[in-house]
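Q: I'm new to reading protein models and I'd like a close look at one part, with the rest built up around it. Could you walk me through it in plain words?

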Amino acid sequence: MKVTDHISQANGKTLFSFEILPPLKGQDIKSIFDNIDPLMEHKPPFIDVTYHREEYTFKELDNGLLKKQVVKKRPGTVGICAAIQNKYQVDAIPHILCGGFTKEDTENFLIDLDFLGIDNVVALRGDAVKSEIYFKPEKEGHRYASELVSQIQDLNEGKYLDEELQNSSKTNFCIGVAGYPEKHMEAPSLDSDIYFLKKKIKAGASYIVTQMFFDNKKFFAFVDKCRKEGITVPIIPGLKPIATRKQLNLIPHRFKVDLPDDLIMEVVGCKDNKAVRQVGIEWCINQSKELVEAGVPILHYYSMGRSSNIEAIAKEVF
Ligand code: FAD
C-alpha cells in the first residue's frame with residue numbers, strides 16, 4: 001500500500017516507522033530480523049531500507065602500483081525488502097539513488113521492484129563517493145533526485161526508455177523524497193533548497209521524509225516555509241536518538257545538522273556511553289511527543305542498525 005494511503009487511513013493518528021541498513025557484506029539477514037522483531041509490536045505500516053552505492057578502495061600490488069577496486073559494502077537492499085514483505089507482511093520501501101546508476105540501471109531496478117510488489121520508493125541523489133568531494137553522476141545517469149523522480153513518474157505513466165515499446169505496463173510507485181530542515185549541506189541557502197525540493201514534488205513525488213534534527217523548532221519552521229512555497233504533500237519528520245559521545249562531533253560533521261546546547265551539555269556530563277544512550281532516548285521521547293502533539297502524520301526513526309533505543313522510545317510514544 002502507498003505511504004499516502006497509510007496516512008489517509010490513519011485518520012490523523014501519528015504512525016510509527018523506521019529505517020534499517022542492509023547488513024555489512026558477509027553478515028547474514030538474521031541480524032536484520034533481530035533488530036526488526038522487537039519493533040513490530042508498534043505496528044509500523046512500512047519499513048525503509050537504505051541503499052548503499054559502491055565505494056572505491058585501492059589495493060597495493062606486488063610491483064608497488066595501486067589497483068582501484070570497486071566494493072559494495074552493504075549490498076542486498078532489494079533482497080531485504082522482499083524478505084521483509086514476506087516475513088512481516090508490511091510494506092518495505094527501498095531507497096533508490098542517482099549515484100552509481102545509469103538510467104537503464106534505474107529502469108531495470110524499478111522493474112524488479114514492481115515485480116516484487118513494492119509500492120513505494122524513496123528517490124535520492126546519494127552522496128559523492130568517499131574519494132571525491134563533489135557528487136558525480138554516471139555518464140548516462142541523473143544529476144539530481146528530481147530527474148530520478150521524473151524517470152519513476154514516467155514509468156508510472158508507462159513511458160520506458162525505449163520509446164518504441166508498445167502497450168507497455170504502467171508501474172504505480174508512490175515516491176518519497178528527502179527534505180532538510182537545516183538545508184542540504186551543499187545548498188547555498190534554505191530557500192534555494194526548498195525551491196529544488198518543490199521541483200521534486202512537481203516531478204511526481206508524493207511525500208517528504210526529513211533529515212534528522214534535534215530541535216523541533218527547526219522542523220516546524222521548515223514545514224511553515226514549505227507550506228508557504230505551496231508544497232502540500234505530507235512531511236514526515238526523521239528522528240535519530242544520540243547513542244554515543246562520539247556522535248556529538250560526528251553528526252554535525254557528517255549530516256551538517258546542529259545539536260542544541262542543552263543536549264550537548266547533558267551528553268558531556270555523562271560518565272559513559274550507557275548514560276549517553278539514556279540521554280539520547282529521553283531527548284528523542286520529548287521530541288517525539290511534541291511532534292505527535294503537533295499532528296505529524298508519521299514519526300520515522302533512523303535505527304542505524306540497532307533497535308533497542310528505538311524500542312524504548314516507541315514504548316513511551318505509541
Ligand atoms: P537532491 O534533491 O538532488 O539535492 C542535492 C543538492 O542539489 C541540494 O543541495 C539541492 O538544493 C541541490 N539541487 C537540487 N536540484 C538542483 C538543480 N536542479 N540545480 C541546482 N541544484 C540543485 N543516501 C544514500 O546513499 N542512501 C540512502 O539510502 C539514503 N537515504 C536517505 C534518506 C533520507 C530521508 C535523507 C534525508 C537522506 C538520505 N540519504 C541517503 C542521503 C542523500 O543521498 C544525501 O543527502 C544527498 O547528498 C542528497 O540527496 P537528495 O536526494 O536530497 O538530493
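Between which strand and which helix is the loop where K183 is found?

A: Let's start right there, and keep in mind that this is a predicted model. K183 is found in the loop between strand 7, which covers residues 174-179, and helix 6, which covers residues 190-203. What about its backbone? The phi angle of K183 is near 70°, a positive value in a residue other than glycine. Here's why that deserves a second look: most residues other than glycine have a negative phi. As for its surroundings, K183 counts as partly exposed because its relative accessibility is 25%, and the buried class takes in values under 20%.

There's another lysine to put beside K183. Phi of K43 is near 50°, again a positive value in a residue that isn't glycine. K43 also sits in a loop, this one running between helix 2 and strand 2. With a relative accessible area of 65%, K43 is exposed, since exposed means over 50%.

Stay in that loop for a moment, as it leads us to a salt bridge. E41 is in the loop between helix 2 (30-36) and strand 2 (46-49), while its partner K315 is in helix 11, residues 308-317. Their side chains meet in a salt bridge, with 4.0 Å from N to O. The two residues are 274 apart in the sequence, so this pair links distant parts of the chain. E41 is exposed, because its relative accessible area is 52%, whereas K315 is partly exposed at 48%.

K315 has a second partner, too. The side chains of E311 and K315 meet in a salt bridge of 3.5 Å, N to O. This time both residues lie in helix 11, four residues apart, which is about one turn of the helix. Put the pieces together and you get a network of salt bridges linking E41, E311 and K315.

How many salt bridges turn up in the whole structure? A full search finds 14. One of them joins the side chains of E55 and K73, at 3.4 Å from N to O. E55 lies in strand 3 (residues 55-60) and K73 in the loop between strand 4 (66-71) and helix 3 (77-88), so the bridge ties together parts that are 18 residues apart in sequence. K73 is partly exposed, with a relative accessible area of 39%.

Helix 3 brings us to another residue, Q85, which is found in that helix. Q85 counts as buried because its relative accessibility is 16%, and the cut-off for buried is under 20%. From Q85 you can step across to C174: their C-alpha atoms are separated by 16 Å, and the two are 89 residues apart along the chain. C174 is buried as well, with a relative accessible area of 1%.

Since we've landed on a cysteine, what about disulfides? The structure holds zero of them. C174 is in no disulfide, and the nearest cysteine sulfur, that of C81, is 14 Å away. A disulfide needs two cysteine sulfur atoms within 2.5 Å, so you can see why that pair doesn't qualify. C98 is in no disulfide either; for C98 the nearest cysteine sulfur is again that of C81, 18 Å away. C98 counts as buried, because its relative accessibility is 1%.

For another buried spot, go back towards the start of the chain. S17 is found in strand 1, residues 15-20. Its relative accessible area is 0%, so S17 is buried. The C-alpha atoms of S17 and G269 are separated by 31 Å, and these residues are 252 apart along the chain.

Let's finish back out on the surface. E104, D105, D162, E163 and E164 gather there in a patch of negative charge. One of them, D105, has its place in helix 4, which covers residues 103-115. D105 counts as partly exposed because its relative accessibility is 35%. To be part of such a patch, a residue needs over 30% relative accessible area and no salt bridge.

So, back to where you started: K183, in the loop between strand 7 and helix 6, is partly exposed at 25% relative accessibility and has a positive phi near 70°.

Note on methods: Residues numbered from 1 in each chain as written. Predicted model: local features only at pLDDT ≥ 70, side-chain atom pairs only at ≥ 80, totals over all residues. Heavy atoms only, no water. Patch = residues over 30% accessible without salt bridge, like charges linked within 9 Å, V, L, I, M, F, W, Y side chains within 5 Å. Areas by Shrake-Rupley, 256 points an atom, 1.4 Å probe, with all protein chains shown as cover. Lys, Arg positive; Asp, Glu negative; His and termini not counted. Charge placed at Lys NZ, Arg CZ, Asp CG, Glu CD. Buried < 20%, exposed > 50% of the residue type's maximum accessible area, 1.4 Å probe, protein only.
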